[in-house]
Amino acid sequence: MHVAPQVLPDSSALCAAGRIVAVRTVPYRIPYRKALRFASGSIEVADNVLVEIVTSDGVVGIAEAPPRPYTYGETQASIVAIIDQLFAPAILGLSILDREQVRARLARTVGNPTAKAAIDMALWDAWGKSIGTSVHKLLGGFADRLQVSHMLGFDHPDVVAAEAVHLREALGISSFKIKVGRRPVQLDVAVCRAVREALGADAELYIDGNRGWTAAESARAIRMLEDVGLSRVEELCPADDVLGRRWLVSQSPVPFVADESIPTPADLVRELLAGAATAVSIKTARTGFSDSLRVTHIAEAFGVEAVIGNQIDAHLGTVCSLVFGASQELTSRSAAELSNYLDLDDDLLSEPLVIEDGYMTVPDGPGLGVSLDPQKVARYRLTP
Ligand code: MUC
Ligand code: MG
């Protein structure tokens, strides 16, 4: 019997993979109605950089980079400069499916994690838009929604407790990360107690020190907070205090989360092997989608829990966290830090984000499933 040779479709037609013809950086500025203060710094304004990758098919992939000089050494001006001067010229002409090639070329420059992450996520968005599929599905599509956790910044105990109660009543949020460190341990303990008393036993509470205590102060705080019932603790002391950190982690009764001490997947492996952490915060603003997948797989392989962290993301960054967090089984298990965009004065997206009964649902639609409002971009952008 004659069997006709199988004609394979042209893979470029299947993937509709355009080439990168432009990488645009759009610095913008939107103030926060309420500043977020924490041990390593504070945020009064979103001075982020919108990154747009334009393909030869006319598709525009979007993402954004938040400058966090006290965490990664980047500023708004440095993010624009590194992309315009080094990253864009290095990747122009590549296919949007050449993500690993893009990653390798960007890796020739050290650091600059949020600039690299924004390029990676904009490529995924461009791919999804090109083939009419959501990035959430391309990444794995595990769950369609995530429970929301809110970060509570520094303030007086009664003010922090009132904010938590308000968020639970208004939006059903029942998981909270409380910022601690670099101030008297007693004050932070009083804040945690006030929040627990105001919310009752059912709420999830955990703390993040942003390296603001010594190992000994952290150990004292953990003991004082025993009856508050924390689910985990994060970056209480610097990972560079190698033996102090290992000593602290070994006695922590709950998972000890590595956040800013693991800017790369390799840093996570090093910390887990060194006994410097027993859980991981995954921030798409820091590791994009491609390296967040690597971090997730490392966490799964080591058997440690992972929480979707918040780089004090604006709306577009929040969508990236949501899309990624819901796409993976491991990250879907924990409440994700998605809600601090609520304190921003305005929004660049054309549709508002919604938190209902304490959950956020992944947007439908190709790519990230959201679009920018051009008038808002025009109003808040800092360059013509
Ligand atoms: C967090 O989880 O630490 C504060 C500093 C930073 O880099 O991220 C935020 C939130
Ligand atoms: Mg943190």
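This briefing looks at a magnesium ion and a ligand held inside a protein. The model is a predicted one, so please read every value here as computed from that prediction. Two residues, Asp208 and Glu234, are good ones to follow as you read. Asp208 is a donor to the magnesium ion (ligand 2) and is also listed around ligand 1.

**The magnesium ion**
- Three residues supply the protein donors of the magnesium ion (ligand 2): Asp208 (OD), Glu234 (OE) and Asp259 (OD).
- These donors lie 2.0 to 2.2 Å from the ion.
- Along the chain, the donors are spaced in the pattern D-x25-E-x24-D.
- Distant parts of the chain are linked here, with Asp208 in strand β8 (residues 204–208) and Glu234 in strand β9 (residues 230–234), 26 residues apart.

**Buried or exposed?**
- Asp208 has a relative accessible area of 0%, so Asp208 is buried.
- Glu234 also counts as buried, because its relative accessibility is 0%.

**Around ligand 1**
- There are 13 residues around ligand 1, and those that come nearest are Thr71, Lys177, Asp208, Asn210 and Gln311.
- Lys179 places a polar side-chain atom 3.0 Å from an oxygen atom of ligand 1.
- Lys283 has a side-chain N or O atom 3.0 Å from an oxygen atom of ligand 1.
- For Glu234, a side-chain N or O atom is 3.3 Å from an oxygen atom of ligand 1.
- On its own, ligand 1 exposes 280 Å², and the protein buries 100% of that.
- The largest cavity is the space that ligand 1 takes up.

Key
Residues are numbered from 1 along each chain as its sequence is written. Chains are lettered from A and ligands numbered from 1 in the order in which they are written. This is a predicted model: local features need pLDDT of at least 70, side-chain atom pairs count only at pLDDT 80 or more; totals for chains, interfaces and linings use all residues. Side-chain values use heavy atoms; hydrogens and water are left out. Donors are N, O and S atoms within 2.8 Å of the metal (3.2 Å for Na, K and Ca); water is not among the atoms, so sites may look incomplete. Helices (H or I, at least four residues) and strands (E, at least two) are DSSP runs, numbered from the N terminus. Buried means under 20% relative accessible area, exposed over 50%, partly exposed in between (1.4 Å probe, protein chains only). A residue is near a molecule or strand if one of its heavy atoms lies within 4 Å of it. A polar contact is a pair of N or O atoms within 3.5 Å; within protein, one must be able to donate a hydrogen and the other to accept it, and residues adjacent in sequence count only if both atoms are side-chain atoms. Accessible areas come from the Shrake-Rupley method with a 1.4 Å probe; for residues, only the protein chains shown count as cover. On a 1 Å grid over the protein atoms alone, a cavity is a set of points where a 1.4 Å probe fits but cannot get out, and a pocket is an open set with protein on both sides within 12 Å along at least five of seven lines; lining residues have an atom within 4 Å of a point. A molecule sits in a cavity or pocket if more than half of its atoms lie within 2 Å of its grid points.
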